[in-house]
Amino acid sequence: MNILITNDDGVHAQGLLVLKAALDRVGRVFVVAPDRPRSACGHSITLHKPLRAEKVRLRDDSIAYASNGTPSDCVSLALLGMISEPIDLVVSGINHGPNLGWDLTYSGTVSAAMEGAIMGKQSFSISVATFSPDVDYGITARFAAEIARVLEKHPLPESTLFNVNVPGLPASDIMGVKVTKQGKRRYSGALEKRTDPMGRDYYWLGGDMPVDTLDEGTDVKAIADGWVSVTPVHLDLTEYGSIETARSWGVEDIGII
Ligand code: MN
């Protein structure tokens, strides 16, 4: 099995290196990743400047490609011919920090796996759900290898990927694995207004920690309770229940002028 690894924390991130060590035992691994941290870049792609990919040496002495593009660009570069071998599986991670609930819409990590799914490949994103600087990626990496083996045996349906989050806990404190649905995680949306030395206003987006709605069966609930969360994610964002509703509002009867 040929495996492509990318991430959004940058090619030299520790999470990528530990993931690679685990996946080296499952198949032949190729690495194409951003040359710098690109967290929260979402699914952005580079259309208006050249994309570059420099060969770099990782700390395990292997060769990787470091690109000035986004995580999604890295997947495109690899699958559209920069890697000459056919790729069977795209793995994005290990992200340093959770990707839960509505994080998925901001996440470069998850978007890279989405790009893999769009291009018809088996794909999953994987994150360790802690921001602790002395995080141990080993448990998450070993779990990634097991998920890779599952997907080798049981291909996901079209336009579907797995989004995996592992608690940042010792193995003995992790409750087990739950297959979940995407939950709700909202950032407080605080806007901090400041003034620069020239007297102009500027802003910081941010605020406090996200607020999770801990509904049963969701990714946010699983992680809050110490479980590994595996969410099958579909690329179809349609809200089917609202198709008829929107018609009933006369949306299709609006005249085009
Ligand atoms: Mn990240």
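Thr130 touches His96, Gly97, Pro98, Val135 and Gly168, once residues up to four places away in sequence are set aside. That is a handy place to enter this predicted model. Thr130 sits in the loop between strand E6 (122–129) and helix H4 (138–153). With a relative accessible area of 16%, Thr130 counts as buried, because the cut-off for that class is under 20%. Its side chain also has a polar partner: the side chain of Thr130 reaches the backbone nitrogen of Ser132 at 3.0 Å.

From Thr130, let us follow the chain outward. The loop holding Thr130 leads from E6 to H4, and E6, H4 and E7 together make a left-handed β-α-β unit. If you work with handedness in your own analyses, this is a good spot to turn the view and trace the path from E6 over H4 to E7. The two strands of the unit, E6 and E7, run parallel and are joined by 6 bridges. To find one of these pairings on screen, select Phe124, whose bridge partner in E7 is Phe162.

Now stay with E7 for a moment. What covers residues 160–167 can be read by face: Thr160, Phe162, Val164 and Val166 are buried on one side, and Leu161, Asn163, Asn165 and Pro167 are buried on the other. Put as a count, 8 of the 8 residues of strand E7 are buried. Phe162 thus appears twice in this tour, as the bridge partner of Phe124 and as a buried residue of E7.

E7 has a further pairing, with strand E13 (residues 228–234), in the antiparallel sense and over 6 bridges. Here Thr160 stands opposite His234 in E13. E7 therefore pairs in the parallel sense with E6 and in the antiparallel sense with E13, by the rule that two strands pair if at least two bridges are found between them.

The last stop is the metal site. The manganese ion has as its protein donors Asp8 (OD), Asp9 (OD), Ser39 (OG) and Asn95 (OD1), which lie 2.1 to 2.2 Å from the ion. Along the chain, these donors follow the spacing D-D-x29-S-x55-N. Asp8 lies in the loop between strand E1 (2–6) and helix H1 (14–23), while Ser39 lies in the loop between strand E2 (28–34) and strand E3 (53–57), so this pair ties together parts that are 31 residues apart in sequence. How do the two compare in accessibility, buried or exposed? Asp8 is buried, with a relative accessible area of 2%, whereas Ser39 is partly exposed at 46%.

Key
Residues are numbered from 1 along each chain as its sequence is written. This is a predicted model: local features need pLDDT of at least 70, side-chain atom pairs count only at pLDDT 80 or more; totals for chains, interfaces and linings use all residues. Side-chain values use heavy atoms; hydrogens and water are left out. Helices (H or I, at least four residues) and strands (E, at least two) are DSSP runs, numbered from the N terminus. Buried means under 20% relative accessible area, exposed over 50%, partly exposed in between (1.4 Å probe, protein chains only). A polar contact is a pair of N or O atoms within 3.5 Å; within protein, one must be able to donate a hydrogen and the other to accept it, and residues adjacent in sequence count only if both atoms are side-chain atoms. Contact means heavy atoms within 4.5 Å. A crossover is right-handed if, with the strands pointing away from the viewer, the path from the first strand over the helix to the second runs clockwise. Donors are N, O and S atoms within 2.8 Å of the metal (3.2 Å for Na, K and Ca); water is not among the atoms, so sites may look incomplete.
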